[in-house]
Amino acid sequence: QVRLVESGGGLVQAGGSLRLSCAASGRTFDSYAMAWFRQAPGKERESVARINWSGDSTDYADAVKGRFTISRDNAKNTMYLQMNSLKPEDTAVYYCAALRGVWVQGSVRYWGQGTQVTVSS
């Protein structure tokens, strides 16, 4: 079992930046690829960014390429999402997820509880 806890969400103006963190419990953090998802009101949950077990392979949704950066620190059992040049359409609840396996293609095995990001225009 892996417990995931997100932090760092909040209210920011368009063009601003936020950094989300996801702290994982347990000693097997580097056994999982990880990902950030988001869900806006009335919309389906979507994958935003993914990272493999070692951090040297990443994948991004087209909507965030060039603006968001996913990273991880296996020594700290923590994953990050640096979000720059935020837009109102980035407003959503952001979820941390641990994927099945070590590669970015895996399905979600564990979810965090989510953190709200609101971007004002």
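Arg 67 is buried in this predicted model, with a relative accessible area of 11%. The side chain of Arg 67 meets that of Asp 90 in a salt bridge, at 2.7 Å from N to O. This pair links distant parts of the chain: Arg 67 sits in the loop between β6 (58-60) and β7 (68-73), Asp 90 in the loop between β8 and β9, and 23 residues separate them. Asp 90 is also buried, with a relative accessible area of 1%.

Asp 90 takes part in another salt bridge, with the side chain of Arg 38, at 2.9 Å from N to O. Asp 90 belongs to the loop between β8 (78-83) and β9 while Arg 38 belongs to strand β4, so this contact ties together parts that are 52 residues apart in sequence. With a relative accessible area of 6%, Arg 38 counts as buried, because the limit for that term is under 20%. The side chain of Arg 38 also meets that of Glu 46 in a salt bridge, at 2.7 Å from N to O. Glu 46 has 38% relative accessibility and so counts as partly exposed. Arg 38, Glu 46, Arg 67 and Asp 90 are thus linked in a network of salt bridges. The structure holds four salt bridges.

Arg 38 leads to strand β4, which spans residues 34-39. Five of the six residues of β4 are buried, so the strand is largely enclosed by the rest of the structure. Strand β5 (residues 46-51) pairs with β4 in the antiparallel sense over five bridges. Within β5, Arg 50 stands opposite Ala 35. The hairpin of β4 and β5 has six residues between the strands, and there Gly 42 takes a positive phi near 75°. Strand β9 (residues 92-99) also runs antiparallel to β4, and six bridges join the two. Tyr 94 in β9 is the bridge partner of Arg 38.

Tyr 94 brings the nonpolar interior into view. The largest nonpolar core has 30 residues, and those touching the most other members are Leu 4, Met 34, Trp 36, Met 79, Leu 81, Met 83 and Tyr 94. At least two residues of this core come from each of β3 (18-24), β4, β5, β7, β8, β9 and β11 (115-120). Leaving aside residues up to four places away in sequence, Tyr 94 touches a number of residues, among them Glu 6, Leu 20, Phe 37, Arg 38, Val 48 and Phe 68. Its contacts also include Leu 81, Met 83, Gly 114, Thr 115 and Val 117. Apart from the largest core lies another, of seven residues, including Ala 33, Ala 35, Phe 37 and Tyr 95. In soluble globular proteins, nonpolar side chains tend to be buried together.

The remaining topic is a sheet. This open sheet has four strands in the order β1-β3-β8-β7, with antiparallel pairing. β1 (4-7) and β7 stand at the edges with a single partner strand each, so one side of each is left without a neighbour in the sheet. From one strand to the next, the twist averages 15°. The strands β7 and β8 run antiparallel and are joined by six bridges. In β8, Tyr 80 is the bridge partner of Ser 71.

Methods: Residues are numbered from 1 along each chain as its sequence is written. This is a predicted model: local features need pLDDT of at least 70, side-chain atom pairs count only at pLDDT 80 or more; totals for chains, interfaces and linings use all residues. Side-chain values use heavy atoms; hydrogens and water are left out. Buried means under 20% relative accessible area, exposed over 50%, partly exposed in between (1.4 Å probe, protein chains only). Two strands pair if DSSP finds at least two bridges between them. A nonpolar core is a set of buried Ala, Val, Leu, Ile, Met, Phe, Trp, Tyr and Cys residues joined through side-chain atoms within 4.5 Å. Contact means heavy atoms within 4.5 Å. Axes are lines fitted to C-alpha atoms, for helices over the stretch in contact, and angles run from 0 to 180 degrees between N-to-C directions.
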